[in-house]
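Got your viewer open? Load the model, switch to cartoon, and keep the selection box handy.

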Amino acid sequence: MNKLVLQLFLVLAFIPILIFIGGLIILLAPLYCSGLAINAYRFGNTKELYFWLVMGVVAFFLALFVLGVL
């Protein structure tokens, strides 16, 4: 088999895998942000708490958009 054809096939095979991994990261981002907000709350850091809450809300709406709800 031609080496160029094999490399092209491998690149095309990795595209769905990368889309799946990227979507998984986007869907898990609100959980990660909420964990960081809980950690900031434990240490009494209110500025960081509100930052992670806002980032979690943004990530949540982005996840809803990716899922097709919005």
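Here is a tour that starts with the overall view and then goes stop by stop.

**Before you click**

This is a predicted model, so local features need pLDDT of at least 70 and side-chain atom pairs count only at pLDDT 80 or more, while totals for chains, interfaces and linings use all residues. Numbering runs from 1 along each chain as its sequence is written, and side-chain values use heavy atoms, with hydrogens and water left out.

**Whole chain**

Start with everything selected. You get two helices and zero strands; helices (H or I, at least four residues) and strands (E, at least two) are DSSP runs, numbered from the N terminus. Along the principal axes, the C-alpha atoms fill a box of roughly 60 × 30 × 15 Å. The radius of gyration is 18 Å, whereas a compact globule of 70 residues would have one near 11 Å. That radius is taken over C-alpha atoms, and the globule rule is 2.2 Å times the number of residues to the power 0.38.

Now turn on the surface. About 5,900 Å² is accessible, and 80% of that belongs to carbon and sulfur atoms. Areas come from the Shrake-Rupley method with a 1.4 Å probe, and for residues only the protein chains shown count as cover. Of the 70 residues, 14% count as buried. Buried means under 20% relative accessible area, exposed over 50%, and partly exposed in between (1.4 Å probe, protein chains only).

**Helix α1**

Select residues 3-42. How far apart are the end C-alpha atoms of helix α1? They are 56 Å apart, which agrees with the 58 Å that its 40 residues should span at 1.5 Å a residue. The expected span is 1.5 Å times one less than the number of residues.

Zoom in on L28, where α1 bends by about 40°, with a proline, P30, following within four residues. The bend is the angle between axes fitted to the seven residues ending there and the seven starting there.

Next, show G23, P30, C33, A37 and A40 as sticks: these residues of α1 are buried. Part of what covers the buried residues of α1 is α2 (46-67), judged by contact, meaning heavy atoms within 4.5 Å.

Two more picks on α1 are F20 and I25. F20 counts as exposed at 56% relative accessibility, and I25 counts as exposed at 57%. Draw a C-alpha distance from F20 to L64, 44 residues apart along the chain, and you should read 16 Å. Do likewise for I25 and A63, 38 residues apart in sequence, and the C-alpha separation is 9.4 Å.

Just after α1, click G44, which takes a positive phi of about 75°.

**Helix α2**

Move on to M55 in α2. M55 is partly exposed, at 35% relative accessible area. Its C-alpha lies 9.5 Å from that of A37, with the two positions 18 residues apart in sequence numbering.

**Aromatic rings**

Rings of Phe, Tyr and Trp (its six-membered ring) pair if their centres lie within 6.5 Å; planes under 30 degrees apart count as stacked, over 60 as edge-to-face and the rest as tilted. How many aromatic pairs does this rule give? The count comes to two. Select F51 and W52: the ring centres are 5.0 Å apart and the planes sit at 70°, so this pair is edge-to-face. The other stop is F60 and F61, also edge-to-face, with centres 5.8 Å apart and planes at 65°. F51 is partly exposed at 43%, F60 is partly exposed at 43%, and F61 is partly exposed at 43%.
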